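Here is a friendly walk through one model, feature by feature. Have the sequence and the coordinates open as you read.

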Amino acid sequence: MTRWLLRVVGLVVLATGLTGCATSALRQAESAEDAHDYDLAVARYTRIVREQPENRNAQLGLERARLRASATHLTQGRRLYSLGRYEDAIVELQLATELNPTSAESERELRGARNNSHRTR
């Protein structure tokens, strides 16, 4: 009886510790997002989703962070493009497109930057 009780207590402690780790990881992802460090948030949410595919909060956070990171890279790409830094703009616009493949706007901007990059060579 005592062994059984120890096993149950051990399992409860283990489960509580794992839940604490998951909660901590989610808090870290949310903190990165709150700090507007969307790339870091994407990385942290991605890790959680890989480890816990059923975690709905992490899934939603990842989608939200991807869209915000994409918008940030799109803005940065446009800024670099306007400065004539086409190669740097292309990198940012590629990131924007990869983070949000459904964005026609990012794709259009990327094509424009690539076309101008080829013309200036």
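Q: Let's begin with a loop. Where is histidine 36 found?

A: Histidine 36 sits in the loop that links helix 1 (2-34) to helix 2. Keep in mind throughout that this is a predicted model.

Q: What is there to notice about the phi of histidine 36?

A: The general idea comes first: most residues other than glycine have a negative phi. Histidine 36 is not a glycine, yet its phi is positive, at about 65°.

Q: Is histidine 36 buried or exposed?

A: The cut-off for exposed is over 50% relative accessible area. Histidine 36 has a relative accessibility of 57%, so it counts as exposed.

Q: Since the model is predicted, what is the mean pLDDT of the protein chain?

A: The mean pLDDT is 87, and 80% of the residues in the protein chain reach 70 or more. For residues 11-16, however, the pLDDT is below 50, and this stretch has zero contacts in the model beyond near neighbours in sequence.

Q: How many helices and strands does the protein chain have?

A: There are five helices and zero strands. Read from the N terminus, the order of elements is α-α-α-α-α.

Q: And what share of the protein chain is made up of buried residues?

A: Of the 121 residues in the protein chain, 31% are buried. As for contacts with a separation of 6 or more, 45% of them join residues that are 24 or more positions apart.

Q: How should I describe two helices that pack together?

A: Two packed helices are described by the angle between their axes and the distance between the axes. Take helix 2 and helix 3 as a case: their axes come within 8 Å and cross at roughly 155°. That angle makes helix 2 roughly antiparallel to helix 3, and the crossing is left-handed.

Q: Which residues of helix 2 and helix 3 meet?

A: From helix 2, the residues include Tyr38, Val42, Tyr45 and Val49. Among their partners in helix 3 are Asn57, Ala58, Gly61, Ala65 and Ala69.

Q: Tyr45 is in that list, so let's look at it in its own right. Is tyrosine 45 buried or exposed?

A: Tyrosine 45, in helix 2, is buried because its relative accessibility is 0%. Leaving aside neighbours within four places in sequence, tyrosine 45 is in contact with residues including Leu26, Ala29, Glu30 and Glu33, as well as Gly61, Leu62 and Arg64. Ala65 is another of its contacts: tyrosine 45 and alanine 65 are 20 residues apart in sequence, with 8.3 Å from C-alpha to C-alpha.

Q: What lies between helix 2 and helix 3?

A: A loop joins helix 2 (38-51) to helix 3 (56-82), and asparagine 55 is found there. With a relative accessible area of 15%, asparagine 55 is buried.

Q: Which backbone nitrogen atoms does the side chain of asparagine 55 approach?

A: One is the backbone nitrogen of asparagine 57, which lies 3.1 Å from a polar atom of the asparagine 55 side chain. Another is the backbone nitrogen of alanine 58, at 3.0 Å.

Q: Moving along the chain, at what angle do helix 3 and helix 4 cross?

A: The axes of helix 3 and helix 4 (residues 86-99) cross at roughly 160° and come within 8 Å. These two helices are therefore roughly antiparallel. Their crossing is left-handed. Among the residues making the contact are Ala69, His73 and Leu80 of helix 3, and Ala89, Leu93 and Ala96 of helix 4.

Q: Are helix 3 and helix 5 roughly parallel or roughly antiparallel?

A: Helix 3 and helix 5 (residues 104-119) pack at about 25°, with 11 Å between their axes. They are therefore roughly parallel, and helix 3 passes helix 5 in a left-handed crossing. Ser70, Leu74, Arg78 and Tyr81 in helix 3 meet helix 5 residues that include Glu109, Ala113 and Asn116.

Q: Asparagine 115 and asparagine 116 both lie in helix 5. How exposed is each?

A: Asparagine 116 is buried, with a relative accessible area of 16%, whereas asparagine 115 is partly exposed at 41%. Beyond neighbours within four places in sequence, asparagine 116 is in contact with Tyr81 and Tyr86. For asparagine 115, look at tyrosine 86: these residues are 29 apart along the chain, and their C-alpha atoms are separated by 9.4 Å.

How values were computed. Residues numbered from 1 in each chain as written. Heavy atoms only, no water. Helix = DSSP H or I, 4+ residues; strand = E, 2+ residues; numbered from the N terminus. Buried < 20%, exposed > 50% of the residue type's maximum accessible area, 1.4 Å probe, protein only. Polar contact = N/O pair within 3.5 Å; in protein donor to acceptor, adjacent residues only side chain to side chain. Contact = heavy atoms within 4.5 Å. pLDDT = per-residue confidence, 0-100. Axes fitted to C-alpha atoms, helices over the stretch in contact; angles between N-to-C directions. Parallel < 35°, antiparallel > 145°, perpendicular 65-115°, else oblique. Left-handed = near helix turned anticlockwise from the far one by under 90°.
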